[in-house]
Amino acid sequence: MNELMRWESDEGPVVVEVDSRDPGFRSVSRRGESGGIHEVEGRFESALGNVRGAAMSALRTFRDRALDPDTIELEFGVKLSAEAGAVIAKTATEGHLTVKLTWSRPGGPGPGQGA
């Protein structure tokens with residue numbers, strides 16, 4: 001069964017559909033319910049803070065001069081929870097994070113660097 005959660009954000013309310021069958025899901029309403037939508041305490045931006053920190057850490061790691069890519073792309077699913085905020089969603093039984101490094105310079109990585 002799916003339920004709706006609403007966070008307030010700088011740009012207005014954000015409503016997210018969650019699967020109440022997910023392990024660890026507990027139906028909560030911290031400020032009262034409105035039309036079957038659970039009002040979540042805290043800001044949407046704060047909920048995404050944990051995932052933002054993970055992305056920043058990954059970017060720092062892959063910006064390493066040994067690799068020196070021209071572009072870095074990070075892709076991961078974000079799962080929202082009233083209690084945990086945002087977390088990196090899993091696929092199957094593992095966390096999902098895809099990293100793509102691109103070199104557009106002739107010869108790939110910079111001088112003296114392996115591929």
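**Figure 1. The overall fold combines two helices and 10 strands.** In this predicted model, the order of the elements along the sequence reads β-β-β-β-α-α-β-β-β-β-β-β. Try following the chain from its start: four strands come before the helices in this pattern, and six strands come after them. The protein has 115 residues, and 24% of them count as buried. Its exposed surface amounts to about 7,700 Å², with carbon and sulfur atoms supplying 51% of that area. Among contacts between residues at least 6 apart in sequence, 54% join residues at least 24 apart.

**Figure 2. Eleven residues make up the largest nonpolar core.** Which residues should you look for in the largest nonpolar core? They are Met 5, Trp 7, Val 16, Val 18, Val 40, Phe 44, Ala 47, Val 51, Leu 80, Ala 82 and Ala 86. Strands β1 (2–9) and β2 (12–19) each provide at least two residues of this core, and so does helix α1 (44–47).

**Figure 3. Trp 7 and Phe 44 form an aromatic pair.** Here we zoom in on two members of the core. A pair of aromatic rings is described by the distance of the centres and the angle of the planes. The count for the protein comes to one aromatic pair. The rings of Trp 7 and Phe 44 meet edge-to-face, with 6.1 Å from centre to centre and 65° between the planes. Trp 7 belongs to strand β1 and Phe 44 to helix α1, so the pair links distant parts of the chain, 37 residues apart. Are Trp 7 and Phe 44 buried or exposed? Both are buried.

**Figure 4. His 38 makes a polar contact with Glu 3.** Find His 38 in strand β4, which covers residues 37–43. His 38 counts as buried because its relative accessible area is 5%, and the cut-off for buried is under 20%. The contact joins the side chain of His 38 to the side chain of Glu 3, at 2.3 Å.

**Figure 5. A hairpin connects strands β6 and β7.** How many residues does the hairpin use to join β6 to β7? The answer is three. Strand β6 spans residues 78–81 and strand β7 spans residues 85–88. The two strands run antiparallel, and four bridges join them. To see one of these partnerships, start at Lys 79 and look across to Val 87 in β7, its bridge partner. As you trace the strands, remember a general rule: in a regular strand the side chains alternate between the two faces of the sheet.

Notes:
Residues numbered from 1 in each chain as written. Predicted model: local features only at pLDDT ≥ 70, side-chain atom pairs only at ≥ 80, totals over all residues. Heavy atoms only, no water. Buried < 20%, exposed > 50% of the residue type's maximum accessible area, 1.4 Å probe, protein only. Polar contact = N/O pair within 3.5 Å; in protein donor to acceptor, adjacent residues only side chain to side chain. Contact = heavy atoms within 4.5 Å. Areas by Shrake-Rupley, 256 points an atom, 1.4 Å probe, with all protein chains shown as cover. Core = buried A, V, L, I, M, F, W, Y, C linked by side-chain atoms within 4.5 Å. Pairing = 2+ DSSP bridges. Phe/Tyr/Trp six-rings, centres within 6.5 Å; stacked < 30°, edge-to-face > 60°.
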